[in-house]
Amino acid sequence: MTDKKEEKEEKKEKKREHSAIKELISWIEVFAAAIIAALFINSFIIANSTVPSGSMENTIEQKDRVIGSRLSYTFGDPERGDIAIFKFGWICNRCNRAQGEGEAPDICPKCGQEITRPKTLYYLKRVIGVPGDKIEIRQDGTVKQNELDGIEGLDPSKGDDAELITAAVYLNGEKLDESYLKEPMLYTGDMDFEVPDDCYFMMGDNRNNSLDARYWNEPYINKDKMVAKVMFRYFPNPSTVK
């Protein structure tokens with residue numbers, strides 16, 4: 001009698017253990033599926049990015065977090081006015097301090113070590129020119145020094161009322177209406193660009209504090225470098241981005 005009772009208890013215990021293992025496996029499958037789904041979505045559907053600089057102020061502020069649609073550029077082409085995330089260059093995988101345009105060098109200029117697996121440097125700018133566009137930057141007017149905010153290199157000895165020459169962007173011969181600019185763009189010389197096939201010309205909205213296509217060694221971004229169209233900001237102030 002005792003043996004049968006013990007046998008029955010053992011069967012119950014094994015059943016409980018089997019049920020617990022089955023439930024654990026079920027939870028592992030759920031977590032694995034969630035991780036795979038998240039990786040798939042982040043790799044093929046959306047791009048989640050933290051904005052590292054103020055080059056797009058006031059449209060997007062430094063340290064804002066934004067979501068971009070990868071599908072916009074998988075099944076369509078970038079359009080003028082898009083705010084886009086794109087691959088720009090490299091970051092040293094050794095020190096994480098050195099970075100630059102284009103392909104990474106063999107040796108890091110900051111830490112002196114061999115760059116074996118460079119990280120990708122992403123930029124976020126506005127599409128100003130699409131393939132075939134002619135971009136011209138010309139003098140446009142003047143602005144008083146005290147109307148500009150935090151620009152390095154201004155001469156305070158000239159006084160707040162000193163007038164500085166501004167510039168405008170001309171797109172295919174017509175002056176571009178850029179209401180999104182943080183402030184008037186200062187003139188730094190005439191510039192001319194003609195956007196090649198499958199390439200795009202990118203500039204920041206905070207034009208006086210933006211290292212953009214005007215100053216790159218290669219001013220055009222190939223279509224295959226365009227990652228995602230920025231759709232909205234989710235932190236700290238959720239809103240759509242235009």
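Trainee: Is Arg214 buried or exposed?
Mentor: This is a predicted model, in which local features need pLDDT of at least 70 and side-chain atom pairs count only at pLDDT 80 or more, while totals for chains, interfaces and linings use all residues. Residues are numbered from 1 along each chain as its sequence is written, and side-chain values use heavy atoms, leaving out hydrogens and water. Buried means under 20% relative accessible area, exposed means over 50%, and partly exposed lies in between, with a 1.4 Å probe and protein chains only. Because the relative accessibility of Arg214 is 9%, this residue counts as buried.

Trainee: With which residue does Arg214 form a salt bridge?
Mentor: A salt bridge here is a side-chain nitrogen of Lys or Arg within 4 Å of a carboxyl oxygen of Asp or Glu. The partner counts as buried, at 0% relative accessibility. The closest N and O atoms of the pair are 2.8 Å apart, and the residue that joins Arg214 is Asp212.

Trainee: How many residues apart in sequence are the parts that Asp64 and Arg233 tie together?
Mentor: The side chains of Asp64 and Arg233 meet in a salt bridge with an N to O distance of 2.6 Å. Asp64 lies in the loop between β1 (46–50) and β2 (65–69), whereas Arg233 lies in strand β13, so the parts that they tie together are separated in sequence by 169 residues.

Trainee: What is the relative accessible area of Arg233, given that its partner Asp64 counts as buried at 4%?
Mentor: Strands are DSSP runs of E with at least two residues and helices are runs of H or I with at least four, both numbered from the N terminus. Arg233, in strand β13, is buried because its relative accessible area is 10%.

Trainee: Which strand holds Arg126, the residue linked to Asp205 in a distant part of the chain?
Mentor: The side chains of Asp205 and Arg126 meet in a salt bridge of 2.7 Å, N to O. Asp205 sits in the loop between β11 (199–203) and β12 (221–222), 79 residues away from Arg126. Both residues are buried, and the strand that holds Arg126, residues 119–129, is β5.

Trainee: Which element gives the most residues to the largest nonpolar core?
Mentor: A nonpolar core is a set of buried Ala, Val, Leu, Ile, Met, Phe, Trp, Tyr and Cys residues joined through side-chain atoms within 4.5 Å. The largest core has 29 residues, and Phe86, Ile135, Ile137, Phe201, Met202, Trp216 and Met226 touch the most other members. Elements giving two or more residues to this core include β3 (83–91), β6 (134–144) and β7 (163–171). The element that gives the most, with five residues, is β11.

Trainee: What is the accessible area, together, of the nonpolar patch that includes Tyr234?
Mentor: Patches take residues with over 30% relative accessible area and no salt bridge, joining like charges within 9 Å and nonpolar side chains (Val, Leu, Ile, Met, Phe, Trp, Tyr) within 5 Å. Accessible areas follow the Shrake-Rupley method with a 1.4 Å probe, and for residues only the protein chains shown count as cover. Tyr234, in strand β13 (residues 226–235), is partly exposed because its relative accessible area is 32%. Together with Met231, Phe232 and Phe235, Tyr234 forms a nonpolar surface patch whose accessible area is about 340 Å².

Trainee: How many salt bridges does a search of the whole structure find?
Mentor: Besides the pairs already discussed, Glu136, Arg138 and Asp192 are linked in a network of salt bridges. For the whole structure, the number of salt bridges that the search finds is eleven.
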